[in-house]
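Here is a friendly tour of one protein model, from a patch on its surface to the packing of a helix. Have the viewer ready and follow along.

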Amino acid sequence: MNSCLNIGHNWSFRLIKTPRACVSQESSRVALRKKQEEHSNVFKNNSPNAENPPLITALKSSAEQNAARFHFPGHNRGNAAPSSFTDLIGERPFLHDLPELPELDNLFSPEGPILEAQKRAAELFGASETWFLVGGSTCGVQTAIMATCLPGDTLVLPRNCHISAISGMVLSGAVPKYIVPEYHSDWDIAGGITPSQVEAAIEEVVQKEGRNPAAVFIVSPSYHGICSDIRKISQLCRNNKIPLIVDEAHGAHFGFHRHLPTSALAQGADLVVQSTHKVLCSLTQSSMLHLSGNFIDREKICRCLQTLQSSSPSYLLLASLDAARAQLSENPENIFDEAIRLAVGAKNGIKKIPGISVLDFLDFPNFLGIDPLRVTVGMQGIGLSGFEADDILCRDFGVVPELVGTHSITLAFNLGTKREHVSRLVSGLKYLSETYYSNVESAIEVKKVAVFDNDIKMVLSPRDAFFASKRKVVIEESVGEICGELICTYPPGIPVLFPGEFITEEAVEYLLFVKRKGATVTGAADRLLSSVLVCCK
């Protein structure tokens, strides 16, 4: 049989056993390459010692092919891109927005550039194996819980976990054993959890169920940068043959500077989730999942990822993870020098401003420390809430913090932070002090409401509550009902009301308070928060 099929007009296509890249005319390749070089490359690295990241290289090569493309996506390398979008980001990103072509590898069975990129990431971060995530750390947390917990298993985790941990329990059928973190009411901030708390939780589960919890889940660092003692918790889990999962979404940079905390992997965690886009430089929504050792079944992790991740992953997101890893690899010991210098200088300057305070180690002495790149500034001394201070800083000084709380704002310093931005921040805080500090006695008192209490009464598992029949009640009349939805202030995405537990007066009071102050409350079916869904008894 002739392997070449004639289809008219002197065109043909050849049947081949192995998919390969199309061959283009050299003149077209040169013209396209010249056009691409005229634009700035978002992934380009100007270091003379820069490597060629494997996925970046493959994506660039595929985009340069002068191919007649009859595949997705519909914009066809930007030929039909919406003009409103190209006006915003230009045409270049569309050239590299490609699908799972043979030369670009497959995320769920990698054997080419994706596999090589993930291997290089594992080597850099100190993992046995690393997976790239296009669903953010939410996908990683859900995968970690599903890979370690069967329906009915107990998961030990902190009360101030991210909403992804709750959805992970809905998906897996795991039952929570919450640990209440240390809480500082003057700041309205929850810290980490201690090894003694983990040990007590494990013992309580063993006494109640006659078996160990399926896994221990720790959040470290917290959104405010507070670090738990992962090394001691890891040793405790290892002694009890319990896998340790660490949500290190805010700590992908840990271990890459002498003044940064040690990474969770280096402290003995079994499975670690990192948001590479938060402090490192990949695109938003891209993250990594790291496995250490063989205590957790890697095949189960792969199956969970294939269930949870998109079957059409964005190669721009995947390539950005490869690029961020390569950027960090070039100078892993000193890349954060300037960012840390700016953060430390900002803290020192802010501490001198009357009425303005800075969260530091002394506020949470039971923990190892605070990420130096996370700066939380308190407004208690000038009588403003964090929301009120944020409005003024944003409107009058163009300062946009990462997180706004009832008593504070939290600033994330990173590799892109500029000295001019720090000066603007300090100027704005000085203005707040000069304007409000002298009138602090007459200022409206910022209400202090502790939502992290020890009286947690769970009636249904998160999964049972998720699928239970529900009814709507006025929020002021919901106290004592079984919560049917996950309600939290965002950011940071930490739930105040969990599905399956009794609604307390303190939780309702807190939600209404932060709502009045300007916080965004998510998860409730009623976006105005005048009512909540409760489980039918």
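## A nonpolar surface patch

F85, L88 and I89 make up a nonpolar patch on the surface, together offering about 300 Å² of accessible area (Shrake-Rupley method, 1.4 Å probe, with only the protein chains shown counting as cover for residues). Patch members have over 30% relative accessible area and no salt bridge, and nonpolar side chains are joined within 5 Å; a salt bridge is a side-chain nitrogen of Lys or Arg within 4 Å of a carboxyl oxygen of Asp or Glu.

I89 belongs to helix α3 (residues 83–89), and its relative accessible area of 37% makes I89 partly exposed (buried is under 20%, exposed over 50%, partly exposed in between, with a 1.4 Å probe and protein chains only).

## Ground rules

The model is predicted: local features need pLDDT of at least 70, side-chain atom pairs count only at pLDDT 80 or more, and totals for chains, interfaces and linings use all residues. Residues are numbered from 1 along each chain as its sequence is written, and side-chain values use heavy atoms, leaving out hydrogens and water.

## The chain overall

The protein chain has 16 helices and 22 strands (DSSP runs numbered from the N terminus: H or I of at least four residues, E of at least two). Of its 537 residues, 51% are buried.

## Helix α10

I301, C304 and L305 are buried in helix α10 (residues 298–308). They sit on the same side of α10 because their arc around the axis is only 100 degrees, taken from the directions from the helix axis to the C-beta atoms. Their cover includes β3 (129–133), α6 (136–148), β11 (271–274) and β12 (287–291).

Notes. Patches are made of residues with over 30% relative accessible area and no salt bridge: like charges are joined within 9 Å, nonpolar side chains (Val, Leu, Ile, Met, Phe, Trp, Tyr) within 5 Å. Contact means heavy atoms within 4.5 Å.
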